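Colleague: I should like to understand the reasoning behind the terms used for this model. Please show me the structure before we begin.

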Amino acid sequence: MSAAPWWCASVGYEVYLRSFSDSNGDGIGDLPGLRARLEHLEWLGVDLLWVTPFFRSPMHDQGYDISDYRDVDPTYGTLADFDSLLADAHELGIRVLVDLIPNHTSVEHAWFQESRSARDNPFRDYYIWRDPAPGGGPPNNWVSVFGGPAWTLDETTGQYWLHLFLSEQPDLNWRNERVARELDEAMRFWLERGADGFRIDAADGLVKHPNLPDNPVAAATWVGPPAGIASDWGSLEHVYDVGQPGVREIHRRWRALVEPYGALLVGEIGLADPEALALYVNDQDGLHLTFWFEPMEIEWEAATIRKSLSAAAAASDHLAWVQGSHDRPRAATRFGGGDVGRARSLALAVLMLGLPGVPFVYQGEELGLVDGLVLPEEAQDPISTRAGEHGLGRDGCRTPMPWEPGHGLGFTTAQQPWLPFGGRSAADTAAVQRDDPDSILRRFRRLLRLRRTPPWGSAPLEWIAEQGPLVAYRRGTVLVAANCGDEPAALELPPGTWTLAYATQEPEGREATGSVELGPASAVVLVSPA
Ligand code: GLC
Ligand code: CA
C-alpha cells in the first residue's frame, strides 16, 4: 500500500451495537455501553471499530432503515454520547467507523414523507417512482433481497416505489444530484465530529439502470450477506439493479470528500468474483477497502479455504478479511460448533491476520462464540418475522455478548435482553476467559499482538503447500500455516532456523528446523531471522 496509511496495520472489529453492552437497563446495547467496554477492545488489541447503525430509525431492519442521518436514535443514546465515545476511543488509540447507509432510507425519513405526498412534490425525485406496468402490477420483475417484489404501490399517488430491501426501506435516486449532496452533508456531519470513516452499506447498489429493464432469469452472482435468504433474489441475474456504471463515480466523490479528513471508506460489496470485486478498490480512487465475504460462506476444507483466500489476495491488496458478521451464522457454528468449531475459527483468523489488507473480527469471535439459540417466537430479524424464513434469520449471530457470569451476563440489568442470550455458559464469558491463559480469548489476544509488532512488512505473498490439509503462505521472513484437515500434518520449513512467533495450541518461542507438526485445526506463525 502506498505510503502506509494509518489503517494499514489495523485490526478491525465489528460492534453489533444492539447486542454489545447495555448501559441503562432497557435490554438493548447502546453507545454509553460500548464506551464502557472500550477497555476490553483495547486490551484485546483492536484499534478500528465499525459500529453498526445508531441513527434515528423505526428499526424495521435494526437501524438499517434511517429516518435521520444526523442524529442518534434515543435507543442508543445521544449525540453527546457519540462524542464521548469517540473521545475515549481516540484516547485509547482506537478509531471509529460509522455505518453509512446511502442506498435507502426509512419510509419515515422526512424526504420520503414529502416524496410520497404528491407527484409534484419537490422531493418526489429523491426516490424511484414508476407507474404500474401497462397491464397493472409492479413496473418490472425486480425482487427484494428480503424476498417478494422490489416495488410497493403507493395508493395515494398511484405509483410504485422501489426498494431492494424491505418496503420500509425505499431506494434513494442517485441520479438526482440533490440526493448526492444530502449524503455529502451527512458524511461531513460525522467527519466534523471526528469519525474516522465509514463502512458503506450496499456500496455497489445506489445506481439503477435508467430504463429499469427486467433482470434476466439466471443463477445468482451476488453472495452478499442476504444472498440465498429468499430464493427470489437468487432467481434473477442482477444486471440492472446493482453494480451499474456510475457507482464508482459516487465512490470517487466520497473519496475526495473524506481525503482531507484522512478518513477510511470500507465497502460492503457481495460479489463472488474476486476480480470483479477488485475493480472497486484497485485504482485507490474510491473505496479504500472492500470486504471479501466468501470466507463467511465456505466449508472447513483445505482446498476451499486455500482457493478463497489466495484468489482474493491475488486480485487485490485492499480487502477487508472477515469470517463472520451480523448477517451470517457465526464461523464457529459453521465450522462444526463446540471446541472443534472454535479452534477452526481461530485458525482461520491466523491465516487472515497476515494477508495484505485489514482483518476484521466480528464481536464474540474472540470468545469463540457459536450462534445463540433463538426460537421462532423470539425472533426479531425481518427475515424470520416477515419473510417467514426462520432457519435463515440472522438472530442467532446477533444474540447479546456474554461479559460475565450471572443474571444478564454483564450485558444488561434488564429482566430480559432484546434477544435471548441463547444458551451461553460461564465459560463463554469474557471475564472467565480473561482469567484463563488457555482460553480462546487469550489466544486471540496473543494473535492480534502480531499486528502491532508486525514481522509482515510489505514482502510479497507466496502460497506454499499447494495441496493437502495445510493452507500456508510465506511473506519474506514470515510463514503462516493452518492445518485444515482432521489428522496431524507436517509443515516442511524452508532452510534455516524458524521461531514460533505464535501458535494456537502451544506456547510461543520454541525454535524449529526442518518441519513442524500441526495438529488438526491448529495454526502457527513462524519467523526466520534472515
Ligand atoms: C446490509 C446490512 C444488513 C441490512 C442490509 C440492508 O447488508 O449488513 O444487515 O439488512 O444491508 O440495509
Ligand atoms: Ca440500553
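**Reasoning about two ligands**

Modeller: In this predicted model, the calcium ion (ligand 2) is coordinated at 2.3 Å by Asp22 (OD), Asn24 (OD1), Asp26 (OD), Ile28 (O) and Asp30 (OD). The spacing of these donor residues in sequence is D-x1-N-x1-D-x1-I-x1-D.

Colleague: What makes Asp22 (OD) a donor to the calcium ion (ligand 2)?

Modeller: A donor to Ca is an N, O or S atom within 3.2 Å. Asp22 (OD) coordinates the ion at 2.3 Å, and therefore it counts as a donor.

Colleague: Why is Asp22 called buried?

Modeller: Its relative accessible area is 8%. Buried means under 20%, so Asp22 meets the definition.

Colleague: How do you know that His326 makes a polar contact with ligand 1?

Modeller: The limit for a pair of N or O atoms is 3.5 Å. An N or O atom in the side chain of His326 is 2.9 Å from an oxygen atom of ligand 1, so the pair qualifies. For Arg394, a side-chain N or O atom lies 3.0 Å from an oxygen atom of ligand 1. The protein buries 99% of the 310 Å² that ligand 1 exposes when taken alone.

Colleague: Which classes of residue form the shell around ligand 1?

Modeller: The shell has 7 charged, 3 polar and 3 nonpolar residues. Among the 13 residues around ligand 1, those that come nearest are Asp61, Asp201, Glu268, His326 and Asp327.

Definitions and conventions. Residues numbered from 1 in each chain as written. Chains lettered and ligands numbered in written order. Predicted model: local features only at pLDDT ≥ 70, side-chain atom pairs only at ≥ 80, totals over all residues. Heavy atoms only, no water. Near = heavy atom within 4 Å. Polar contact = N/O pair within 3.5 Å; in protein donor to acceptor, adjacent residues only side chain to side chain. Areas by Shrake-Rupley, 256 points an atom, 1.4 Å probe, with all protein chains shown as cover. Nonpolar A, V, L, I, M, F, W, Y, C, P; charged D, E, K, R; others polar. Donors = N, O, S within 2.8 Å, 3.2 Å for Na, K, Ca; no water. Buried < 20%, exposed > 50% of the residue type's maximum accessible area, 1.4 Å probe, protein only.
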